[in-house]
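Please open the model in a viewer and keep the selection panel at hand. The tour below proceeds from one selection to the next.

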Protein chains: 2
Amino acid sequence: MHSVWADNADDQEREPRAGQAPRGDGIRRRATIHDVAQLAGVSRQTVSRAVNDKGEIDPATKERVLEVARLLDYRPSRFARGLVRKGAVTAGLVLPDLMNPFFPEVAAGVLEAAEERGWQVVVWDSRTDENRELQALDKFSHQADAVVGYFKNPDDVLAQHLGGVPTVVLERGPHQTRFGAVGIDAAAGVAQGIAHLVRAGHRRIGMLDGDRIDAPGPRREAFLAAVRQHGLPVDSSWVAPSPEHSVAGGEAAMAQLLDARPELTAVFGFNDLIAVGAMRTARRRGLRVPDDLAVLGFDGLALGELVEPALTTLHIDKRRLGRLAVEQVARLSTGQEPLTGAEAWVIPQLVVRASA
Amino acid sequence: MHSVWADNADDQEREPRAGQAPRGDGIRRRATIHDVAQLAGVSRQTVSRAVNDKGEIDPATKERVLEVARLLDYRPSRFARGLVRKGAVTAGLVLPDLMNPFFPEVAAGVLEAAEERGWQVVVWDSRTDENRELQALDKFSHQADAVVGYFKNPDDVLAQHLGGVPTVVLERGPHQTRFGAVGIDAAAGVAQGIAHLVRAGHRRIGMLDGDRIDAPGPRREAFLAAVRQHGLPVDSSWVAPSPEHSVAGGEAAMAQLLDARPELTAVFGFNDLIAVGAMRTARRRGLRVPDDLAVLGFDGLALGELVEPALTTLHIDKRRLGRLAVEQVARLSTGQEPLTGAEAWVIPQLVVRASA
DNA sequence: TTGTAGGCGTTATCAC
DNA sequence: GTGATAACGCCTACAA
């Protein structure tokens, strides 16, 4: 059984060879307040005063002490300090893909909110890999006071590696997880999007889904619900998987979907990157966008305004998503109940541009 | 005078009200190993053994202790642990703009390299603000063992807030800084780019520069040197400033440059975002790219392949940049001299696409 | 102005 | 197997 507290790390690598001089290459033990005190011929307390700009100290001794400190390249140990002055909070942030512009923007929101609270944020890129997610948690369960992030692993696995650290998972409904959650109201968003396409006369609408074909996520479910509600001649055979959440992934998925459903007149992309990929494949095949094929994205990346034609998309306030996550986890870490109302839920907004 | 060691922070906010019960809302003192020991009726040492999966312990007591630990929501203090087990390294990463895809990719490189070393990385977005840079350093000088980042502040100001933490600055030549440095060989890159434009017949080439007009950086200097070398009828009046390093900034700057130098047949953008902005303004004014106006970028963002026409650019291995920075700062923190050769220098590669 | 004593929470060491 | 004892490096309180 895996103990959630155990530090199964391969830390400790600093050899204790104590070079007395601060210079010299090779690993040397860092100078402590004691070393400084000794060399300066004062008590540790005096060093502390000098180093911390406390008042009660003779300017002369202060200067002397500071001089020695500099000489020894002394820096207070953050561990010792943290032990005695409370209040330094570290949050861990797990992101699946730094190369998708969506996540840096979420991160920006997280950083903002964390900064306001005086927290620092440690970032980990899981590369959408379950094992790497757990590695992150193994670290964070020891090194962080709170965790926020995107996870593929199921709750129980996460919990096992979390060791009780307050956690908020992103884009998993509050009812779908036992952790704090901040989600996107995919249903509301997708409904808007499909309604827009239908309004424009489309009936044969496909989807490029980022979720595994055997594990439909909220976006696909919302899509299927929407097309059904509008009575469209569309079923799950109109959904092609795009395991790679990237432009290239979208290109490939679109090719596949077009082969399966040539009668398509519109596609909904799991995210903007995939949607852009879809546009590219469509155009490469000689289809005009939006005339022959309308394309709808999901995310609202800045990128969408730069491609041609500009991408119609369901815009998400990514920064807010990040901020909310921090607020949630802050609640958790003070023992409050997580929010589950509108404060934990961001609703996509349809942004109509040229592609649909 | 600002003491580099002083913790001029407004930390400490945790009120010491010790709720004995683990549950209950409101701030409660976190349970310590002592609390667990007491409630479980064993010594702290035994708790430590249980929690750390050490061998020498009776399975029964272990289970009991773990149970209590769970009950009390006990998590070992990372500070106390860090004090006694050495080896947990934290690096601070200062980025100027998370919204520019360039930097997340640099960050990805930093994270990779840091992970390989078992380091964790705390990220700070300075938003290209000198004051925020210093805020970051004030934090990192206490909380980090190494710092890597982009800075506008001059060396001496940085040093003042760094308190001796090993530091590597990005994109500042080794001879331009007293810190460790990892740079881009702008001269080599720009030379390739301008040569390409000249080869295509361009002689009236402008530049959209991201640096302040009164503080030319390496890219502008390289540009000016290159056009001079090719004997082009171009001087610094062909350089328009684009203080915003964004698409919008590039659009505005391009408008300005086009007004000043309508005879332009090609532009070099400080970065890809600016270059894309330039393309947009050009096309909005009815100019065809590249026929009427060729556009050359600098960065090699993925984005450049998606715009129309695709952007010709000087591609930088951003991930490598990040990795090198970590390697450099790792050297510094073990007392070695920083690298200054090719290992600390990334050379842009011309990628020819449709825009030039 | 300066020094001494004690404790922050954890683990290593060495007894029992 | 389990428990004292002594660090780890720093800071707060109090004494000199």
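Select strand β10 (residues 312-315) of chain A together with β12(A): the two pair in the antiparallel sense over 3 bridges. Strands are DSSP runs of E of at least two residues, helices are runs of H or I of at least four, and both are numbered from the N terminus; two strands pair if DSSP finds at least two bridges between them. Within β12(A), A:L350 is the bridge partner of A:L314.

This is a predicted model, in which local features need pLDDT of at least 70 and side-chain atom pairs count only at pLDDT 80 or more, whereas totals for chains, interfaces and linings use all residues. Residues are numbered from 1 along each chain as its sequence is written, chains are lettered from A and ligands numbered from 1 in the order in which they are written, and side-chain values use heavy atoms, with hydrogens and water left out.

Next, extend the selection to the whole sheet of chain A. It is open and mixed, with 6 strands in the order β7-β6-β8-β9-β10-β12. Because β7 (239-241) and β12 (349-351) of chain A stand at the edges with a single partner strand each, one side of each has no neighbour in the sheet. From one strand to the next, the twist averages 20°.

Add helix α8 (residues 186-199) of chain A, which packs on this sheet and touches β6 (205-209), β8 (266-269), β9 (294-299), β10 and β12 of chain A (contact means heavy atoms within 4.5 Å). The direction of α8 makes about 165° with that of β9(A); axes are lines fitted to C-alpha atoms, for helices over the stretch in contact, and angles run from 0 to 180 degrees between N-to-C directions.

Now move to DNA strand C. Which residues are closest to DNA strand C? Of the 28 that surround it, the closest are A:T46, B:I33, B:Q45, B:Y74 and B:R81 (near means that a heavy atom of the residue lies within 4 Å). Sugar and phosphate make up 62% of the atoms of DNA strand C that come within 4 Å of the protein. The largest share of this surface, 4 residues, comes from α4(B).

Select B:R81: an N or O atom in its side chain is 2.7 Å from a phosphate oxygen of DNA strand C. A:R49 instead places a polar side-chain atom 2.8 Å from a base nitrogen of DNA strand C.

Finally, select DNA strand D. A polar side-chain atom of A:R81 lies 2.7 Å from one of its phosphate oxygens, and a polar backbone atom of B:S43 is 3.1 Å from a phosphate oxygen of DNA strand D.

How values were computed. A polar contact is a pair of N or O atoms within 3.5 Å; within protein, one must be able to donate a hydrogen and the other to accept it, and residues adjacent in sequence count only if both atoms are side-chain atoms.
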